[in-house]
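Visitor: I should like to learn how to read pockets and backbone geometry in a protein model. May we begin?

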Amino acid sequence: MALIQADGAKPYSCGNHLISGMAKLAGVIGDPIGHSLSPAMHGYWLARHGIDAAYVPLAIKPQHFESVFRELPKLGFCGVNITIPYKELVMPLLDEVEPEAEQIGAVNTVIFKDNGKILGANTDGFGFRVAMSEAMPRWEKQVKTALILGAGGATHAIVHELQRAKINTIYVANRTFEKAEAIAQRFGKKVTALPWEEQDAQHREVDLLVNTTSLGMLHELPLEIDVRNLKPSAMVMDAVYNPLETDLLRKARQNGHLTVSGLGMLIHQGRAAFQRWFGIDPKVDEAIKVILASRLS
């Protein structure tokens, strides 16, 4: 009999991957979490490498987040991914934070260490950088000005990565202007906060447009943005990966722009987290891309 999940997500299995009573646990915490491809991705890698472990989705409401999070090491978890809305909220619960995550101001990967300490890391910047490089090698040489839509944890990581790449001018636009302003204050004078309704005016200037909001995601409100004023050479990246080609990417592609889906960022940030938990850098092969793409609506 087919397995039907309550949230409508497709169940995942990979061959005869079996776990023992001594299996390690890892997972992803968010609210909501039914859209996440991380269980399928990590499940594939665990099976491929024959690791005695399981990766599970953890849908936790905000009022229960802290109490549940603190119990995870006792249940055998070696680590978890953190997604919306907890990438910044988890920071006070950590004993240690890797320097890059400290600079970013957000955590998407947690490691429960053998000594009982809880370590926070951020692999989003790495995922963004590798995904961009796969789409266009040496992309950073083509970008002088970038515009990021959104002001959550992924935006923090991408701004940090753009600064490492020595991008001269970075605009951050958000529906809540104060959040964009906080990012500009955190990262310095090369970052400018924009009210959401004013971001269109920058389109002729930018070489890279990145959406990090949930707008355009499956079952979410659409991202209503006109890309026709972007310069022909501008690249467009959407951190949303479900659907694989969002309306933003479809319109940008039809307008002749190089587009980058959020799937690459997801895979490579997950790869870096997997390595921290299990000590293996999993191979990103065509099979994992096909498996994940096949699960998207």
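Guide: The following turns treat the pocket, and then the backbone. The model is predicted, so local features need pLDDT of at least 70, side-chain atom pairs count only at pLDDT 80 or more, and totals for chains, interfaces and linings use all residues. Residues are numbered from 1 along each chain as its sequence is written, and side-chain values use heavy atoms, with hydrogens and water left out.

Visitor: How much space lies in the largest pocket?

Guide: Rolling a probe the size of a water molecule over the atoms shows where empty space is left. Here the largest pocket holds about 1000 Å³. A pocket is an open set of points on a 1 Å grid where a 1.4 Å probe fits, with protein on both sides within 12 Å along at least five of seven lines.

Visitor: Which residues lie nearest its centre?

Guide: Among the 40 lining residues, those nearest the centre are Thr-83, Ile-84, Lys-87, Ala-154 and Thr-212. A lining residue has an atom within 4 Å of a point. Helix H8 (262–278) is one of the elements supplying at least two residues, and H8 gives the largest share, four residues.

Visitor: Which peptide bonds are cis?

Guide: Most residues other than glycine have a negative phi, and most peptide bonds are trans. In this model, the bond from Asp-31 to Pro-32 is cis, with omega near 5°, and the bond from Asn-242 to Pro-243 is cis, with omega near 15°.

Visitor: What is phi of His-219?

Guide: Phi of His-219 is near 70°, a positive value. His-219 is exposed (over 50% relative accessible area, 1.4 Å probe, protein chains only), at 77%.

Key. Points joined across faces, edges and corners; volume = space filled by probe spheres on them. Buried < 20%, exposed > 50% of the residue type's maximum accessible area, 1.4 Å probe, protein only.
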